[in-house]
Amino acid sequence: MSKIIDKIKKYPSTFAALLLIVSFGVVIGHGLFTFVYAKGFSYMSDDPLACKNCHVMNQVYENWMKGGHQQVATCNDCHVPHDFIGKWMMKAESGLHHGYAVTFKENPVSFTATPKSKKIVQDNCIRCHGDYAAFSVDATQKAGSSISEPLSCISCHRQAGHAHNF
Amino acid sequence: MKNKALYVVAFLIAVVLGGAMFALFADIGEKRSEEKSYPMMLHKVSDTKPDVREWGKNFPVQYDSFIGMETFNIETPFAGSVPYSKLIRWPASTVFWDGYAFSVDYNRPRLHFYSQIDQIETMRNNKEYLNSHGLPNFKGQPGACVNCHTGHLTAIMVDEDYTKLHENPVEASKDPMPFFDVKGKDGQKEKAAWTKMNSIPYFDVMEMVANKHGEDPYGGSHLGSSCADCHHPDDMSLRVTRPAFVNAMVARGYEADAKSGLKATRQEMRSYVCMQCHVEYYFAGKDSTLTFPWTKWPKDEPFKIEMFDEYYDEMYENGKFPQDYKHKTTDAPIVKMQHSEAELSSTGIHARSGVGCADCHMPYKRSGAQKVTSHLITSPFADITGSCKTCHMQSEEKLKERIDFIQNRHAYSLRECENALLSLIQDITTAREELANHPNFASLEADAKKAAISEALKGSLWNQRRAHMRWDFAFSENSYGFHGPDEAARVIGQCKEYARKGQVELANELKAYDIAITLTQQADEVQAPERIELHKGDVGSVPSDRLQKIDQDVKNLNFF
């Protein structure tokens with residue numbers, strides 16, 4: 001025992017470096033484990049089960065499973081932009097926001113889409129249905145109207161993706 | 001030395017990161033296990049132990065929200081749970097209820113935690129106070145009032161300790177009552193207790209509970225609504241426990257059930273548990289049997305106000321229930337409408353779309369990873385996201401506007417209906433004075449004179465009864481029109497029609513005696529009564545400045 005203490009006294013900086021390496025090792029190890037435990041890799045995929053990792057998405061998931069789009073579109077098809085940079089920026093941003101909300105906030109049962117999210121969804125409707133729907137969607141009120149919001153596809157086709165919670 | 005400081009800082013960073021990482025790991029783990037766990041009833045409860053603390057041990061999250069009702073105060077434009085005096089806010093009601101206890105004290109009720117406390121404390125239940133405030137003959141409320149205000153009702157019916165109730169049954173216990181009859185022999189004993197409870201004085205019943213359980217509001221005589229009122233102790237399934245509700249529903253064509261009171265789906269039950277108390281009712285016969293006047297309301301149909309006319313007309317004709325009271329100045333036989341939420345809401349778009357009471361008044365909440373029904377039963381104004389946005393996509397602000405839109409219009413029409421009814425009462429009062437001096441009546445004894453004049457004015461008094469029922473239905477219903485805006489508007493329209501028709505009728509009736517009076521168009525303003533200082537806390541308080549401003553805005557048509 002005294003031998004070890006002598007060595008520490010002799011090479012203090014080597015000991016400090018060693019302690020530091022072990023400390024960061026533990027942090028990184030724990031971090032990796034938590035990442036795997038929290039199914040971190042699933043968030044890189046397009047699998048709807050990744051969204052359902054989080055309990056607040058259960059109802060939306062069930063709704064989608066019963067909906068008309070279930071065979072042709074997953075969550076990401078509607079909710080994430082389809083260009084490479086847009087997609088991964090969105091995933092990173094949502095990941096941070098959602099992680100924060102689930103850990104620190106009491107979340108309501110019903111969610112409301114942010115203007116940004118609504119725009120992405122609208123773009124994605126057009127991406128698939130643009131051939132025959134593009135002409136009808138801009139024929140309505142202007143954005144920013146004080147009386148009401150301009151019509152978007154989901155103003156009428158409310159249940160296309162999932163019944164509620166948007 | 002520089003190196004050393006660097007090492008220390010780096011080490012501390014690693015410590016903080018390590019701690020944070022562990023906290024995150026633990027949080028994820030905790031939420032996952034919450035998701036898997038479901039409530040288990042490890043703590044045995046029974047009907048004879050309605051103490052909410054005991055039941056709450058099995059369901060701590062629900063219990064916490066339930067107990068939240070003790071301190072939760074919300075003031076909405078026309079309702080909420082701040083117990084201000086409705087008589088001070090809308091004084092016309094004191095004239096309509098003249099001769100009845102409601103004209104003396106009528107406040108907004110607090111939340112369900114207080115349903116018994118409010119009942120014990122109101123001056124309507126204070127014999128001496130009423131006797132000295134214009135109701136000298138008032139003897140006190142009957143035990144029938146206990147029905148919906150105590151969490152002990154089932155215990156009172158089944159507990160062997162309440163021997164005073166089980167022995168020497170009153171006559172009403174011989175009537176067929178599906179709620180009890182479906183239970184066979186046990187049911188007959190419960191029926192004896194229930195019918196006896198209805199007939200004895202209110203405070204005698206509460207005293208029996210207090211002697212056995214003390215007076216606290218969690219398990220004693222001051223306990224308002226309890227878990228046992230809506231849940232079965234064996235498996236917490238929903239049930240109805242109020243005999244009058246089941247009896248009335250069976251008469252409409254529904255089927256009684258020994259365990260859950262009534263055969264129904266879970267979604268139906270989420271309304272029925274509320275409907276067993278939030279209704280129009282009356283006390284029938286000399287045993288004051290609590291009865292709902294629903295036999296003219298067909299099964300599975302929305303309610304119409306004429307169904308009450310038909311029912312109460314019959315009761316008037318056969319003498320079984322001519323009126324709740326005779327109006328003090330006009331002598332009209334008046335039926336007081338209670339809080340007819342069940343009836344009005346059946347006409348609303350929500351109920352007709354299958355939305356239950358609990359969907360809006362007990363919205364789902366997230367507690368950690370669990371989805372829990374909020375047991376803090378209150379106005380949807382308290383949580384528009386939880387209550388409305390589950391179905392409606394609009395913003396909270398827009399949804400609030402929609403409620404205001406409906407309620408402001410209701411309030412405006414209701415004030416007009418009050419003016420019309422006040423005008424009628426004013427004119428009948430004048431007419432009675434005129435007739436009292438007429439040779440046909442002048443020489444009669446006081447009582448005979450009163451009866452003869454009432455007979456002469458029969459038609460207009462009947463119109464007062466009709467108009468009053470409609471005003472009271474719209475006024476005493478708790479949602480200020482929201483539960484069924486279309487039917488509420490129709491009912492208020494009829495209130496005005498009957499009141500004005502009553503004036504026409506009156507002019508015709510007076511013509512037979514060659515008397516002409518100037519009919520009132522704009523009634524005299526009614527002065528607000530003094531605040532009753534005997535109440536504790538905010539009970540019977542003067543409505544806030546905000547509410548008074550809302551009333552002014554409504555009066556001046558100053559709404560969107």
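This is a short tour of where chain A and chain B meet, followed by a stop at three annotated residues of chain A.

Before you click, note that the model is predicted: local features need pLDDT of at least 70, side-chain atom pairs count only at pLDDT 80 or more, and totals for chains, interfaces and linings use all residues. Residues are numbered from 1 along each chain as its sequence is written, chains are lettered from A in the order in which they are written, and side-chain values use heavy atoms, without hydrogens and water.

**Stop 1: the meeting of the chains.** Show both chains and select the residues in contact (heavy atoms within 4.5 Å): 30 from chain B and 33 from chain A. Together the chains bury about 2,900 Å², which is the accessible area (1.4 Å probe) lost on being put together, summed over both. Carbon and sulfur atoms carry 63% of that area.

**Stop 2: three residues to highlight.** Pick B:Y7, B:R366 and B:M393, which supply 27% of the area that chain B buries against chain A, more than any other three residues.

**Stop 3: helix 1 of chain B.** Now colour residues 2-36 of chain B, which form helix 1 (a DSSP run of H or I, at least four residues). Helix 1 gives 17 residues to the side touching chain A, the largest share.

**Stop 4: annotated residues in chain A.** Select A:C153, A:C156 and A:H157, listed by UniProt under "binding site" in an unreviewed entry; such annotations may be inferred rather than shown by experiment. Is A:C153 buried or exposed? A:C153, in helix 8, counts as buried because its relative accessibility is 15% (buried is under 20% relative accessible area, exposed over 50%, partly exposed in between; 1.4 Å probe, protein chains only). A:H157 lies in the segment after helix 8 and counts as exposed at 54%.

Conventions: Buried area = accessible area lost by both parts, 1.4 Å probe. Helix = DSSP H or I, 4+ residues; strand = E, 2+ residues; numbered from the N terminus.
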